[in-house]
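Hi,

Here is the structure I promised to pass on. Have a look at it first, and then read my notes below.

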Amino acid sequence: MTRHVAPRLPGYAALAAAGLLAGLALGRVELVALAAPFALAAVLAPALAREPKLRAQLELDRERALETELVAATVSIGADAAECVDVLLELPPELSTAGTNPRSIAVAADSARTIELRLRCDRWGAFVLGPVLLRAHDRLGFYAWETRLGGRAPLRVYPSVETLHALLPPLETQVFVGNQVSRTKGDGIEFADVRAWAPGDRLRRINWRATARRGELWVNEQHPERNTDVVLFLDTFTDAQRSGRGTLDLTVRAATSLAHGYLQRKDRVGLVSFGGFLSWLLPASGTRQLYRVVDSLLQMDIVLSFAARGVDVLPPRSLPPKALVLALTPLLDPRTAPALLDLRARGFDLVVVEVSPVPFVDEGESELDRLSYRLWRLAREAMRARYQQAGVPVVEWIDGVPLNVPLEEVSAFRRYARPARV
Amino acid sequence: MSVALYGGVLADVLAHAPRAIPGTAALGGVGALLLVAALVRAEAALVVPPVAFLGVAYAVALVVHGSRVDDAAPLVAVGLLLSAELASWSVDARLRIPAERAVVRARALALFGLAFAAIALSALAVALAAAPAGSGLAWTLLGAASAVAVIGLAVRLARTS
């Protein structure tokens with residue numbers, strides 16, 4: 001517990017000393033009378049000051065919440081003697097409260113006071129609230145004691161999920177049952193083709209109309225429903241941001257929506273964070289994987305690093321064969337492009353969603369600034385062309401535009417383009 | 001309220017010694033400006049200097065006025081203390097956080113108690129001076145010892161603050 005003395009208290013003592021000395025020197029009792037109140041304050045305040053015995057407890061009504069939701073934080077404060085206590089629950093910028101924080105309360109002896117704060121989750125993130133900052137002070141504010149009590153309470157705020165009308169289908173499916181209609185033929189629901197009967201074909205698969213027309217047994221073929229592996233490849237080398245929003249924020253929101261969409265379809269979703277700090281999640285399916293992915297996304301941060309690394313440092317299982325690799329990148333760091341093109345060269349079905357940093361960058365005032373800006377835009381165009389030459393669809397996603405739009409652009413690109421063999 | 005009290009004490013000081021008005025008015029005026037600056041800028045460290053300025057002005061007025069004991073000295077003393085405390089409260093209220101009614105009431109009661117004790121002590125000092133208790137080296141030494149004790153207290157407080 002840290003003790004603070006008000007700056008006026010030594011001043012009062014100095015005034016009292018000066019008054020007494022002046023009274024003695026001038027032989028005037030009025031100056032002694034003038035000094036007496038200040039001497040009294042200077043003597044009484046330290047004599048009556050005693051370190052308070054405080055107790056505090058911080059509790060949240062839940063540990064997980066979605067953006068824009070409200071979380072109730074309860075702070076209980078107790079004291080052995082009557083105290084005036086200032087209470088502050090320090091909040092990260094992503095959380096706000098409409099309640100009074102900080103506030104000064106009176107705590108009676110051997111009792112507890114409870115303060116309820118409604119916290120609004122303004123932005124996603126993993127936070128640890130507390131301990132509560134308490135400052136007890138004497139009645140006249142001559143002495144104050146500060147301490148932090150109440151423990152810590154974790155709070156995870158998940159980004160809101162955007163509804164995706166159509167997800168990007170991968171070029172190839174996996175072998176397990178899922179919701180994605182495979183391009184191959186086998187047991188399924190979707191009609192694919194007819195072919196001549198072969199021993200072993202089941203009677204129910206015979207297409208009687210084709211059989212009657214051709215005079216021999218013909219059977220239907222179907223496309224089986226299979227699952228897919230999707231790897232969300234996040235470029236976390238650099239972030240362009242302005243007033244709380246930035247490319248990393250958009251990347252995390254998009255990755256959450258995509259993970260939610262694909263996992264609902266029974267697909268397996270993995271995660272690779274490719275940046276100053278490299279991390280990955282092996283592909284898996286189910287609700288637990290969704291929490292794993294989102295929890296990993298909440299930890300995403302830009303870590304400055306000059307290390308150049310390729311995809312070969314990733315464990316092979318994090319990038320399963322035939323997986324759809326959805327890269328979310330602002331195309332700002334030159335180290336991402338070689339890694340992604342390496343993936344393309346290894347035969348992965350790669351899609352690049354460019355999380356556009358343009359809305360977060362000012363063109364500048366001077367002619368030189370504007371020239372630099374135009375050169376920067378040209379360099380970005382050149383980077384896009386590099387991907388397109390390798391047959392990789394690159395779509396730009398701008399803040400404020402629904403994620404469905406770039407995904408639909410990729411689908412349209414694939415309708416008219418064939419994957420290149422590189 | 002703090003400025004009003006300060007103004008009241010300043011008016012009393014000015015009325016006390018009409019011959020020393022230029023000097024006392026200048027000192028009191030500087031103090032008043034400092035007090036206003038302390039309140040406007042919410043500077044807690046600027047609360048004490050105005051009191052010192054007015055105290056010096058009062059001492060000048062006493063010296064100029066003559067040898068008669070000023071019976072209003074306890075009121076001047078408490079006026080100065082209350083002015084400083086109210087200014088400090090005002091600065092705290094601007095810097096600090098919203099306080100409950102009970103906290104405000106507790107501080108007001110404490111301030112009232114301090115003012116009451118201060119006026120009693122101050123009046124006692126004036127009354128003792130008027131009492132025929134004698135004079136001499138012992139009283140002077142006692143006064144000097146108390147002054148030294150208060151200086152020691154001031155130094156100790158300044159170190160711990």
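**Cys84(A) and its surroundings**

Let me start with Cys84(A), which sits in strand S5 of chain A, the stretch covering residues 83–88. Keep in mind throughout that this is a predicted model. Is Cys84(A) buried or exposed? With 25 other C-beta atoms within 10 Å, and 20 being enough to qualify, Cys84(A) is buried.

Leaving aside residues up to four places away in sequence, Cys84(A) touches Ser104(A), Ala106(A), Ala136(A), His137(A) and Arg139(A), plus Val103(B) and Ala106(B) from the other chain. Take Ser104(A) from that list: it lies 20 residues from Cys84(A) in sequence, and the C-alpha atoms of the two are 6.9 Å apart in space.

**Where the chains meet**

Those two chain B neighbours lead on to the interface. There, 55 residues of chain B are in contact with 45 residues of chain A. On the chain B side, the elements that give two or more residues are helices H3 (48–65), H4 (73–95), H5 (101–130) and H6 (137–160) of chain B. H5(B) gives the most, with 14 residues. If you sort the chain B side by class, you get 41 nonpolar, 8 polar and 6 charged residues.

**Chain A overall, and one helix pair**

Chain A has 8 helices and 24 strands. Of its 422 residues, 40% count as buried. Looking at contacts in chain A with a separation of 6 or more, 72% are between residues 24 or more positions apart.

One helix pair to look at is H4(A), residues 247–264, with H5(A), residues 287–298: their axes come within 10 Å and cross at roughly 175°. An angle over 145° counts as roughly antiparallel, so that is how H4(A) runs relative to H5(A). From H4(A), the contact uses Val252(A), Ala255(A), Thr256(A), Ala259(A), His260(A) and Leu263(A); from H5(A), it uses Gln289(A), Leu290(A), Val293(A), Val294(A) and Leu297(A). By class, the residues of this contact come out as 8 nonpolar, 3 polar and no charged.

**Helix H2 of chain B**

H2(B) covers residues 21–41, and its length checks out: at 1.5 Å a residue, its 21 residues should span 30 Å, and the end C-alpha atoms are 29 Å apart, which agrees.

Which residues of H2(B) are buried? They are Thr24(B), Leu27(B), Gly28(B), Gly31(B), Leu35(B) and Ala38(B). These cover an arc of only 95° around the axis, so they are on the same side of H2(B). The general background is that an α-helix has 3.6 residues a turn, so residues three or four places apart point the same way. On the other side of H2(B), the exposed residues are Pro22(B), Ala26(B), Leu33(B), Val40(B) and Arg41(B). Right after H2(B) comes Ala42(B), with a positive phi near 55°.

H2(B) also pairs with H1(B), residues 2–16: the two axes come within 10 Å and cross at roughly 175°, which makes H1(B) roughly antiparallel to H2(B). H1(B) brings Ser2(B), Val3(B), Tyr6(B), Leu10(B), Val13(B) and Leu14(B) to the contact, and H2(B) brings Ile21(B), Thr24(B), Ala25(B), Gly28(B), Ala32(B), Leu35(B) and Val36(B). This contact has 10 nonpolar, 3 polar and no charged residues. Thr24(B), Gly28(B) and Leu35(B) appear here as well as among the buried residues of H2(B).

Cheers

Terms used
Residues numbered from 1 in each chain as written. Chains lettered and ligands numbered in written order. Predicted model: local features only at pLDDT ≥ 70, side-chain atom pairs only at ≥ 80, totals over all residues. Helix = DSSP H or I, 4+ residues; strand = E, 2+ residues; numbered from the N terminus. Buried ≥ 20, exposed ≤ 12 C-beta atoms within 10 Å, placed from the backbone. Contact = placed C-beta atoms within 7 Å. Nonpolar A, V, L, I, M, F, W, Y, C, P; charged D, E, K, R; others polar. Axes fitted to C-alpha atoms, helices over the stretch in contact; angles between N-to-C directions. Parallel < 35°, antiparallel > 145°, perpendicular 65-115°, else oblique. Expected span 1.5 Å × (residues − 1). Arc of directions from axis to C-beta.
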